[in-house]
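Trainee: Before I trust the labels on this one, can we go through how each of them is earned?
Mentor: Sure, let's have it on screen and take the labels one at a time.

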Amino acid sequence: MNSSSNRARFPSVLLNSDDLERCRSYGKSAWSRTGKAVRPGASDYDRAYGDAEFHGKAGEMGFGRLIGVEPDFEYRDGGDRYDFLVEGQRVDVKCTANRRAGVSYVLKESGGKKDRTPLDIVVCTSFREAGDGAMIEVLGFQTRRWIVRSAPVNPSPRYKDTKNWDLVWEDLQPAWAVIDWARGEPDPRNPELRELESPLVG
């Protein structure tokens with residue numbers, strides 16, 4: 001059995017300044033190639049947009065360190081389809097820099113994109129500055145199947161054909177369950193992860 005009483009509830013990884021510089025450079029690249037196009041007239045670097053990409057990549061790096069996989073730093077026009085591919089399952093990592101505020105994680109689906117780019121697992125992380133580095137904590141996960149079945153649905157304020165499923169971190173399953181699964185050591189007591197032995201549909 002992989003669970004242990006001496007494990008921290010939220011697994012964490014310390015990223016150093018070099019790690020953060022790689023993530024920050026990715027955020028700036030994403031802004032220069034995408035942000036300007038969607039926000040005409042904005043400054044050369046919109047911090048809100050760029051920092052979201054920066055924190056997101058830092059969350060990916062932290063989770064990747066825990067499962068022994070390097071995140072992809074190649075920018076793709078139109079966005080990534082997923083962050084990690086584990087045992088045929090598409091894993092999306094979300095990151096927030098303000099965990100205490102109860103920030104919702106949102107899975108958006110619109111029109112034909114629903115069937116073209118489904119995600120199987122959403123992993124939620126938090127970002128906290130630590131000296132010249134940052135501490136990344138994995139708060140937990142949920143399966144896409146649970147999100148679309150149980151999470152609150154809110155209409156998009158900007159796009160009428162888009163649905164937002166809100167996922168707050170209190171609704172997450174334990175972080176270690178998804179980490180052990182990604183390492184090839186799944187906890188057999190977790191029914192949601194047993195479902196992932198074969199690809200999820202719809």
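Mentor: One definition to start with: two strands pair if DSSP finds at least two bridges between them. Keep in mind that this is a predicted model.

Trainee: What makes β3 and β5 a pair, then?
Mentor: Six bridges join β3, residues 89-96, to β5, residues 121-130. The cut-off is at least two bridges, so with six bridges β3 and β5 count as paired, and they run parallel. One of the partnerships is V91 with I121, and T96 stands opposite S126.

Trainee: How do you know that β5 and β6 pair as well?
Mentor: By the bridges again: there are ten between β5 and β6, in the antiparallel sense. R128 stands opposite M135, and V122 is opposite Q142. β5 and β6 form a hairpin with two residues between them, and G131 in that turn has a positive phi of about 65 degrees.

Trainee: And which sense do β1 and β6 pair in, parallel or antiparallel?
Mentor: Antiparallel, over four bridges. S12 has E137 in β6 as its bridge partner.

Trainee: Why is the sheet called mixed?
Mentor: The five strands go in the order β1-β6-β5-β3-β2, and the pairing is mixed. You've just met both kinds: β3 and β5 run parallel, while β5 and β6 are antiparallel.

Trainee: Why are β1 and β2 called edge strands?
Mentor: β1 (12-15) and β2 (84-86) each have a single partner strand, so one side of each has no neighbour in the sheet. As for twist, neighbouring strands here are turned by 30 degrees against each other on average, direction ignored.

Trainee: What makes β6 a buried strand?
Mentor: A residue is buried when its relative accessible area is under 20%. Eleven of the eleven residues of β6 are buried, so β6 is largely enclosed by the rest of the structure. In β5, seven of the ten residues are buried, so that strand is largely enclosed too.

Trainee: How do you know that C124 is buried?
Mentor: Its relative accessibility is 0%. The limit is under 20%, so C124 counts as buried.

Trainee: How do you know that C124 is in no disulfide?
Mentor: A disulfide needs two cysteine sulfur atoms within 2.5 Å. A search of the whole structure finds zero disulfides. For C95, the nearest cysteine sulfur, that of C23, is 9.3 Å away. For C124, the nearest cysteine sulfur is that of C95, at 9.7 Å. Set against the 2.5 Å limit, neither C95 nor C124 is in a disulfide.

Trainee: What lies across the sheet?
Mentor: Helix α5 (residues 175-182) lies across β2, β3, β5 and β6 (133-143), running at about 90 degrees to β6.

Trainee: Why is α5 called mostly covered?
Mentor: Eight of its eight residues are buried. Those include W176, V178, I179 and W181, and D180 is buried as well. After α5 comes G184, whose phi is positive, near 85 degrees.

Trainee: What makes a set of residues a nonpolar core?
Mentor: They have to be buried residues of the nonpolar kinds, joined through side-chain atoms within 4.5 Å. The largest such core here has 29 residues, and those with the most contacts inside it are F63, V91, V123, F127, V178 and I179. β1, α1 (17-38), α2 (47-67), β2, β3, β5, β6 and α5 each supply at least two residues of this core. α5 gives the most, with seven residues.

Trainee: Which residues does V123 contact beyond its neighbours within four places in sequence?
Mentor: Among them are F63, V91, V138, F141 and V178. V123 also contacts D92, K94 and G140.

Trainee: Where does C124 go, if V123 is in the largest core?
Mentor: C124 belongs to another core, of eleven residues, lying apart from the largest one; V122, L167 and L172 are among its members. In a regular strand the side chains alternate between the two faces of the sheet.

Trainee: How many helices and strands does the protein chain have?
Mentor: Six helices and eight strands. Buried residues make up 46% of the 202 residues. Among contacts between residues at least 6 apart in sequence, 67% join residues at least 24 apart.

Methods:
Residues numbered from 1 in each chain as written. Predicted model: local features only at pLDDT ≥ 70, side-chain atom pairs only at ≥ 80, totals over all residues. Heavy atoms only, no water. Axes fitted to C-alpha atoms, helices over the stretch in contact; angles between N-to-C directions. Contact = heavy atoms within 4.5 Å. Buried < 20%, exposed > 50% of the residue type's maximum accessible area, 1.4 Å probe, protein only.
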